[in-house]
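Good morning, colleagues. Please have the sequence and the three-dimensional view open while I speak. I shall go from the annotated region to the ligand, and then to two elements of the fold.

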Amino acid sequence: MSDANRNDIPGAPAPQPPSVDEPTTPHEPLPPKPDQEAPEAVSPTGKPTGAPANARAQSGAYLTTAQGARLYETDHSLKAGARGPVLLQDHHLREKITHFDHERIPERVVHARGAAAHGVFKGYGTAANVTKAAFLAKDTETPVFVRFSTVLGSRGSSDTVRDTRGFATKFYTEEGTFDLVGNNIPVFFIQDAIKFPDIIHAGKPHPDREIPQAQSAHDTFWDFVTLHTEAVHHTLWNMSDRGIPRSYRMMEGFGVHTFRLVNSEGATTLVKFHWKPKLGVHSLTWEEAQITNGMDPDFHRRDLADAIEAGAFPQWELGIQAFPDTPEQTFQGIDLLDPTNIVPEELAPVQPVGLLTLNANPTNFFAETEQVAFHPGHLVPGIDITDDPLLAGRLFSYLDTQISRLGGPNFAQIPINRTHAPVNDMLRDGMHQTAVHAGTAPYRPNSLDGGCPFLAGAENGAYVEVPVDVPAAKKVREAPASFSDHFSQPRLFWRSMTPVEQEHIIAAYTFELSKCYEQAIKERALQVLANIDPELCRQVATGLGLPAPQPTENLADPEPSPALSQIGKRWPVEGRIVGIITDGETDLDGLASVRRSVLAAGMVPLIIAPTGGHLGAGQDALAVQRTFANARSVEFDALLLAGAPVPGADAYGARDAKAGEPSGPGAAIDPRVLLMVSEAFRHGKAIGGWGGAETALQAAGITDAAAGVVLAGDGVSVLEQVTQLLGEHRVWDRFPAAV
Ligand code: HDD
């Protein structure tokens, strides 16, 4: 268009004189225009992050197309007449359906099912002697995003399956993002990443029928873990109560590998990372887990989100076990490069270095929980890797899988994955590029973009390799001899369990192996168990109806590690769920004061009544949260039976008895109440009652003298004792039990 023509257009800008600068003159890169900036993360708490307003996905009050054109209707396709054919020219219809057709992305190849939360990590500054990583070395706060997951199940599978749980933390530090991609079990199935596809193929559903979902109780899993005896230790942890956590809030987390920390003097220390939950480590019983799979497949996801929403923010202390960085990379004979090993805490105490608090739920599951991408190779200055061969393969796998899962190499620009440190990389273009890179010289050195970006120098840079000696060696495909002890650590774990925990392990092996069809696999599994402990083997063999083989290994005699047991301590009760069963005759004043006391103890009271609605009327009316129809014992950590006003009177639905039904005390008590009470009793839960509550207990076959059953005149004193019992998680005296 000529200048003469442009001037013809009303309002067109006047022509500018040509630039006097040569286009090749070096200059600082121009900042991107505001409307070209990549979207910023929006604070989960709704607080401004400094992100430009145009970064929000939704703005304006009107429904629009993706191009911002306002729509006047969205429920009817454009047609030639109300009964006529739909017209192809309907852009809104095509855009809406096309976008919907592409809403799904591939789920993670492992850890597909998860739940996440935002939070903050407060470094105590106590790690300064071992690392220069500022978020650990300084008394400072770092934003975090944590995703918990199961490993084997697909995205829609149940939460409470027997499996390892992922515990992945993204620290948005000022020095770049550090990801600690760990599990709730401190050891791994395999010692070399080259076997990872194999163990996962074995654990995932069978390729012909795609069953069973999210289970290890099938032939291929047990085939693999009995043929690869390095898997024995991790499998034993999975068969223990650690495989069925009560809540994500009540799990430990482990970095698993040994990492190398570097301090400001350049001195190095080998460490293992541990997350210790403030609420203690607690598990479901196997029967609870199975019932929960049906009653509430989202149990763990809901539990985490509800607790955070209620302000019961879960917390974990981060700790490290520190070992001298010797050329052997062993500690008291334990090979630190073997990820099937733990170092007992009694030998190397876990030293606290910071506190994690999860305080905000994600705003959008897909944008955050689904699209977050962790990587064990995301390191900051002061944290380095070791030569653990399992870790080496991971360093390759995560970026690789994410390119496929997140549709190209630019997923670091997705809001949840964006570092909080300034980014000036030389990575350019590619699918889903949302940044508008300025400048002309994405290479170094350059003389065009003012020489920018500059290098940090070894002092401040990340990925400054510690110059450790690599012994002169031949290329081989083999493991060191020290990797071949597969039984002494499992034996250590077994011997560190209390009798109740051992009972659960025996039941778990018996259940899982009974689901295998191949006799040879069961027999091989029994041989493995004999090499852990003959009594464990004998009891599982009895359950399977098979002979118990003799050990083929020399059984080690390790010192037990009491720190591995979950039982015997007292823990805070915050966030515990207390179910209160009522009926139409419950004394409402007493009920209200018990409810207040539950809340005052930081727990969650849920009133269960025959029908929904309210108990009482007016200002003092109490909302019913669960009914006999939708409640099940597994939802509650403790059960209270709010007594009938007249002691001894039939209660809990008794008045609904139909003619012809058996009579007598408790005979007509609603069977759903009896089921709730008897399950809670069987699962070792504290049960309290007052007033006429004993009627229901007796009808459920429970005597008031039974362990963990509290009966008293008023609800508040019952609750006090029940709260004491809850501090120990379960009434362990009721075990070994039928579950
Ligand atoms: Fe892995 C995901 C933890 C070994 C390959 N892994 C993944 C997640 C966790 C772990 C928590 C989910 C992260 C999230 O929430 O998005 N993985 C571990 C631990 C391991 C381990 C603690 C051993 C110590 N993993 C491991 C090996 C390989 C992988 C040996 C491959 C050689 N892991 C992957 C993966 C995943 C993954 C395929 C799937 C989705 C993803 O990475 O982003 O790359």
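**The annotated region and its surroundings**

UniProt, in an unreviewed entry, places the feature "domain: Catalase core" at residues 64–452. Please bear in mind that the model before you is a predicted one. In this model, the C-alpha atoms at the two ends of residues 64–452 lie 41 Å apart. Helix makes up 22% of that span and strand 20%.

As for the chain as a whole, it has 18 helices and 20 strands. It comprises 739 residues, of which 40% count as buried. If we take the contacts with a separation of 6 or more, 72% of them are between residues 24 or more positions apart.

Let me turn to the ligand. Which residues come nearest to the ligand? They are Arg108, His111, Arg147, Gly166 and Val256, out of 28 residues around the ligand. Four elements give two or more residues to this shell: strands E2 (141–150), E3 (165–173) and E4 (176–183), and helix H10 (389–405). Of these, H10 gives the most, with 7 residues. By character, the shell divides into 14 nonpolar, 11 polar and 3 charged residues.

Next, I would draw your attention to helix H4, residues 196–203. Its buried residues include Ile199, Ala202 and Gly203. Why do these lie on the same side of H4? Because they cover an arc of only 95 degrees around the axis, they share one side of the helix. The general principle is that an α-helix has 3.6 residues a turn, so residues three or four places apart point the same way. Helix H5 (219–227) is included in what covers the buried residues of H4.

My last element is strand E18, residues 638–641. Are its faces covered or open? Both are covered: Ala638 and Leu640 are buried on one side, and Leu639 and Leu641 are buried on the other. In general, the side chains of a regular strand alternate between the two faces of the sheet.

E18 also has strand partners to consider. With strand E13 (residues 577–581), E18 pairs in the parallel sense over 4 bridges, and within that pairing Ala638 is the bridge partner of Val578. Strand E19 (residues 686–690) likewise runs parallel to E18, joined to it by 4 bridges. Here Leu641 stands opposite Gly689 of E19.

Thank you; I am glad to take questions.

Note on methods: Residues are numbered from 1 along each chain as its sequence is written. This is a predicted model: local features need pLDDT of at least 70, side-chain atom pairs count only at pLDDT 80 or more; totals for chains, interfaces and linings use all residues. A residue is buried if 20 or more other C-beta atoms lie within 10 Å of its own, exposed if 12 or fewer, and partly exposed in between; C-beta atoms are placed from the backbone. The arc is that of the directions from the helix axis to the C-beta atoms. Two residues are in contact if their C-beta atoms, placed from the backbone, lie within 7 Å. Two strands pair if DSSP finds at least two bridges between them. A residue is near a molecule or strand if its C-beta atom, placed from the backbone, lies within 6 Å of it. Ala, Val, Leu, Ile, Met, Phe, Trp, Tyr, Cys and Pro count as nonpolar, Asp, Glu, Lys and Arg as charged, and the others, Gly among them, as polar. UniProt positions are given in the numbering used here, feature names are shortened, and annotations may be inferred rather than shown by experiment.
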